[in-house]
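The following exercises concern a multi-chain structure and are to be solved from its coordinates. Each task is followed by a worked solution.

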Amino acid sequence: MIYEVFRQERKGQAFAHAGSVEAPNEAFAEAYAREQYGRRGESAALWVVPREAVHEIDDFADELQKNYHRVDGYPLKEKLGKARERVSAKNADAFSAGAG
Amino acid sequence: MTPREQEFLEYVQSGGQVETDDWLPEDYRAKLIKFIEMHGNSELMGVLPEREWILRAPTLQRKLALTAKVQDEVGHSQLIYRVVEDLGKPREQCLDDLIAGKSKFHNVFHYPTKTWGDVGVIAWLVDAAAIISQKALLKCSYAPYARIMKKICWEESFHILHGRDVILTMMLGTDEQRDLVQEALDRWWGPLMQFHGNPIAREEDPMYVWRIKSQGNEEARQQFLDGYVPQIWELGLTVPDPKLRKRDDGVWEYTEPDWAELKHVVTGHGPKTAERLELRRATREETAWVRRAVLAEAA
Amino acid sequence: MTDQVQKILQIADDELILGWRNSEWTGIAPMLEEDVAFSSIAQNEIGHARAWYELAARELGPTANELAFDRRPDEYRCSRLVELRLVPDWAATIARHHLYETADEERIAALKQSDDTEIAGLAAKIDREEAYHRMHAQMWFERLQDEPRFQEALDELRPLLDVRGEPTSELAELWEEMTMVRRSVAGATW
C-alpha cells in the first residue's frame, strides 16, 4: 500500500506533501515515514495517510463573473478620484465665498 | 509534432510544470521514465561500491557518516522509484530490468573502489559532479521529480562536506595517506570527466528540449571543473591531465574524454558491472520471501 | 577494572558489534524503505557504543576509538549472539533484533537506576532511542511470527544471548575487516 506523507517543517507552519512510502500497514508506514522524513530531526511533525484517503479536486467552475467576492471586483480609483474632486471643488467655492 | 504536443512544448519551455495526471506527450513520458529510472538505478548501484567501506571505516565518526551517506543514497532511490512507479512502471519491474542489464546506471558506479582514498574522492568529487546534475533538475518540467530533487540536493550537501573532511584529514596526515588520495584521484579522473556525458548541443538534447533538465552536458562539466579543480590544486594534488587549464575567457580546456569507454561501460561492460548486478540479483532473490510475506497480503 | 566498567564495556561491545553487523544490511535490505529504517537502527547502536566507550574511558584512559578498534578480538566482551554474520538471512536478523532488544530493555532499565548519575543519564537518553528499536522489532515480530523459519531462528539464537567470553572466528574475521584501514597506516588520523 502507498501512504502519503505530509510534513511540518517547524511548529506553526502548514503541513506540506513530502512524498510517499510503500508499506503493508500503518505501523510500518509510520516507521518508514519517520525515518525517511525525520531521521535528521528535520521535521516537527508528520501526517501519514493511506493514498486512497487523499482525494484530489482540480476542476472548478467559474463561468459567470463572480468578482463580487474578490478584491479585483472593487476598482475604486475612479470613484475615489471623483469624490476627492467634489470636496476640493466645494472647499474652493466656500473659500471664494468667504473672501468675497 | 501534433499541435497539442507543440503547445505542451511551448508550455514547458516557458517554465510550465506538469503533474502526474496531466496529459503528457508519448515521447516526453517515455524519455522521462527512462531518465528518472536511470537516476534511481544509479543511486541503488552507487551504494554497492561504498558499502564495502562501511565495514572498514577507521573511526566511529567515519563509520557513522559513511553509513548515513549510503543510507541517504538508498533513501534517494526510494524517492526516485516512487516517482517512476506513479508514472506507470512498478519498482519491481525497474529492478528486473536493472538486473537483466536492460536499463542503465551512471558510469562511475561500474568501477572498483580500492582504498580509503577512494572513499574520500567519491564523496568529495563524484558526489560533487552528481550534485551539479541534480541542481539542473530542480526546475524539471515534471513537478513530482522536481520536488524530490529538492530533498535530494539538500541531503547531498552533507555528503560533499564529509568527503572533503575525509580528504583534508588525509592530506594533513602522513605521506602514505596523501599518496592514497592522489592515487585514487588518478584513477577516478577519467570516469569523472565522462560523467556528465558527451558534449551534445543542448538544443539537440531531448532532456533539455523538454526541460527535464535545465543544463546541457558541457555546461555541467564546465561547472564541475570551475568549482572543483581549484579545490583539488589548493591541496597540492595533481590532476592527471596535462592539457587541463582555464582559458582567459573562463572556459576550461582538457584532454577529450574517452567517449568510447563511456559507452562501453554504461552498456554494461564496466570492470565491476557484472559482479555488482549479480550481488543485487542474489540479495534480491534471497529476500524475495520477505516481500511476499510483508507486501503481498496488503496488495 | 571495576565491575561497573566491565558491565559498560559489555554493553558497548554488544552495541558496537551488533551495530556493525546490522550495518551490513545497508544497501541490500529486503525493501528500500526498510533499508533506510534499519540503517538508522545500526547507526544508533554505533552511537550508543561510542557514548558508553566515552564513559568507560573516564576510568580506563583510552579514547572511544581506541577502545572500539585497538583491542584484540579476544578482549571484546560482546555476546556470541551479536558476533554472527547473518546477512542475507532476514529471518535470523529479525530474530536476533527481537531477542536482543528484549534483553537490552531490562539491562537499560537497571542502568537507569544507577547511583552514578552519568551512567543513569546516558541510559535514559539511550532508552528514548531504543523505544523506536523496540517498536520496529515488535512490528516485524508480528509480521513474521507465523513463518516457520522465523521461529526456528529464534530457537537457534536464543541460547547465544548469554554466551560471552569465548571469542569466535567470526568475530576475529569481522575485527580484521573493521580494523583494516585503521591498521594500514599506524597511528594515523583518519
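Two residues are in contact if their C-beta atoms, placed from the backbone, lie within 7 Å. The model treated here is predicted.

**Exercise 1. Determine how many residues chain C and chain B each bring to their contact, and describe the side of chain C.**

Step 1. With the 7 Å criterion, the contact comprises 35 residues of chain C and 34 residues of chain B.

Step 2. On the side of chain C that touches chain B, at least two residues each come from helix H1 (3-23), helix H2 (32-60), helix H3 (64-69), helix H6 (117-144) and helix H8 (169-184) of chain C.

Step 3. H2(C) gives the most to this side, namely ten residues.

Step 4. By class, the side of chain C that touches chain B has 19 nonpolar, eight polar and eight charged residues.

**Exercise 2. Carry out the corresponding analysis for the contact of chain B with chain A.**

Step 1. Nine residues from chain B and six residues from chain A take part.

Step 2. On the side of chain B that touches chain A, helix H3 (60-86) and helix H12 (288-296) of chain B are the elements that give two or more residues.

Step 3. H3(B) supplies the largest share of that side, four residues.

Step 4. The side of chain B that touches chain A consists of five nonpolar, two polar and two charged residues.

**Exercise 3. Characterise the packing of helix H4 (residues 91-99) of chain B and helix H11 (residues 273-286) of chain B.**

Step 1. Two packed helices are described by the angle between their axes and the distance between the axes.

Step 2. The axes of H4(B) and H11(B) come within 9 Å and cross at roughly 140 degrees. H4(B) is therefore oblique to H11(B).

Step 3. The crossing of H4(B) and H11(B) is left-handed.

Step 4. Leu95(B), Leu98(B) and Ile99(B) of H4(B) meet Leu277(B), Arg280(B), Arg281(B) and Arg284(B) of H11(B). By class, this contact has four nonpolar, no polar and three charged residues.

**Exercise 4. Establish the strand order of the sheet in chain A and identify the strands at its edges.**

Step 1. Three strands of chain A form an open antiparallel sheet in the order S2-S1-S3.

Step 2. Strand S2 (16-22) and strand S3 (45-50) of chain A each have a single partner strand, so they stand at the edges with one side left without a neighbour in the sheet.

Step 3. From one strand to the next, the twist averages 30 degrees.

Step 4. Strand S1 (residues 2-8) of chain A is joined to S2(A) by six bridges; Val5(A) has Gly19(A) in S2(A) as its bridge partner.

Key:
Residues are numbered from 1 along each chain as its sequence is written. Chains are lettered from A and ligands numbered from 1 in the order in which they are written. This is a predicted model: local features need pLDDT of at least 70, side-chain atom pairs count only at pLDDT 80 or more; totals for chains, interfaces and linings use all residues. Ala, Val, Leu, Ile, Met, Phe, Trp, Tyr, Cys and Pro count as nonpolar, Asp, Glu, Lys and Arg as charged, and the others, Gly among them, as polar. Axes are lines fitted to C-alpha atoms, for helices over the stretch in contact, and angles run from 0 to 180 degrees between N-to-C directions. Angles under 35 degrees count as roughly parallel, over 145 as roughly antiparallel, 65 to 115 as roughly perpendicular and the rest as oblique. A crossing is left-handed if the near helix is turned anticlockwise from the far one by less than a right angle, and right-handed if clockwise. Two strands pair if DSSP finds at least two bridges between them.
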